[in-house]
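Trainee: I have a structure here and want to learn how its labels are earned. Can we go through them one by one?

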Amino acid sequence: MDINITSTPLETARAFADYMLAQHQQNGQLNIALSGGSTPKILFDLLASEYKESFNWSDIHFYWGDERCVPPSDSESNYKMTVDHLLSKIDMPEQNIHRVLGEEEPAEEAQRYGQLIEANLPSENGNPVFDIIILGMGTDGHTASIFPHEIELLDSTKTCEVANHPESGQKRVTLTGPVINAAKAVCFLVTGESKKEKIKQIVDAEDVAQNYPAFHINPVNGELIWFIDEPAASLLA
Ligand code: 6PG
């Protein structure tokens with residue numbers, strides 16, 4: 001596990017953007033799974049401004065690691081957030097944008113989206129392999145839309161599953177544990193003081209961390225990088 005600590009959320013986003021650019025320069029085409037959350041929003045603004053000309057966007061394919069089951073025009077949609085902050089500002093061909101159809105029936109969409117990913121990505125040991133999966137972590141230790149009360153989704157044999165938000169009951173489509181752990185790189189973007197306890201427990205592998213889905217993300221053959229800011233890192237030794 002690599003931990004990259006920066007001073008502010010903007011610097012955390014910049015550290016990831018530099019990593020993504022280096023991967024692009026090395027490999028050309030990249031299949032990336034995006035995340036919702038506050039730090040990705042800052043990342044998207046940064047990519048759309050300072051990094052806009054640095055990428056050949058037609059070489060990049062975007063998927064989503066999780067999506068809320070709402071229409072693409074809904075303010076809760078991770079796709080909409082990405083359109084507003086990034087996709088509307090860069091020249092990425094439409095066919096490179098592979099969104100979850102949040103407006104469709106969740107179980108059918110989880111199946112369709114899983115099949116699309118399996119058809120488009122290379123596979124290893126039966127799992128599709130993303131070049132980069134971006135993840136956040138909630139204050140309850142959830143990641144993508146795998147929440148502590150549905151931690152069994154970490155072991156699902158499917159590519160995508162339907163998850164339920166613990167408080168609102170909102171349905172979501174999420175990548176499962178084996179697919180996340182098959183990626184060449186998994187990058188957590190986590191900022192803010194509210195995450196500091198969970199980060200310490202995860203880094204120190206405390207017993208309680210077993211209950212946090214984020215703790216179980218550990219790519220089989222790929223790299224795991226936590227991009228975090230100083231407040232989130234403040235309890236680390
Ligand atoms: C989502 C997510 C989710 C998110 C975390 C952290 O769509 O809700 O993908 O896993 O990344 O909840 O969100 P924050 O960065 O806003 O705390």
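Mentor: Start with a term. A polar contact is a pair of N or O atoms within 3.5 Å. Keep in mind that this model is predicted.

Trainee: What makes the pair between the ligand and Arg68 a polar contact?

Mentor: An oxygen atom of the ligand lies 2.7 Å from an N or O atom in the Arg68 side chain. The cut-off is 3.5 Å, so the pair counts.

Trainee: Which other residues have such an atom by a ligand oxygen?

Mentor: The side chain of His142 has an N or O atom 2.9 Å from a ligand oxygen. For Ala144, a polar backbone atom is 2.7 Å from one. Both values are within 3.5 Å, so both are polar contacts.

Trainee: How much of the ligand does the protein cover?

Mentor: On its own, the ligand has 420 Å² of accessible area, and the protein covers 84% of that. The ligand takes up the largest pocket.

Trainee: What kinds of residues form the shell around the ligand?

Mentor: The shell has 8 polar, 4 charged and 2 nonpolar residues.

Trainee: Why is Cys69 in no disulfide with Cys160?

Mentor: Its sulfur is 11 Å from that of Cys160, the closest cysteine sulfur. A disulfide needs 2.5 Å or less, so this is too far for a bond. For Cys187, the nearest cysteine sulfur, again in Cys160, is 19 Å away. The whole structure has 0 disulfides.

Trainee: Why is Cys187 called buried?

Mentor: Its relative accessible area is 0%. Buried means under 20%, so Cys187 qualifies.

Key. Residues are numbered from 1 along each chain as its sequence is written. This is a predicted model: local features need pLDDT of at least 70, side-chain atom pairs count only at pLDDT 80 or more; totals for chains, interfaces and linings use all residues. Side-chain values use heavy atoms; hydrogens and water are left out. A polar contact is a pair of N or O atoms within 3.5 Å; within protein, one must be able to donate a hydrogen and the other to accept it, and residues adjacent in sequence count only if both atoms are side-chain atoms. Accessible areas come from the Shrake-Rupley method with a 1.4 Å probe; for residues, only the protein chains shown count as cover. On a 1 Å grid over the protein atoms alone, a cavity is a set of points where a 1.4 Å probe fits but cannot get out, and a pocket is an open set with protein on both sides within 12 Å along at least five of seven lines; lining residues have an atom within 4 Å of a point. A molecule sits in a cavity or pocket if more than half of its atoms lie within 2 Å of its grid points. Ala, Val, Leu, Ile, Met, Phe, Trp, Tyr, Cys and Pro count as nonpolar, Asp, Glu, Lys and Arg as charged, and the others, Gly among them, as polar. Buried means under 20% relative accessible area, exposed over 50%, partly exposed in between (1.4 Å probe, protein chains only).
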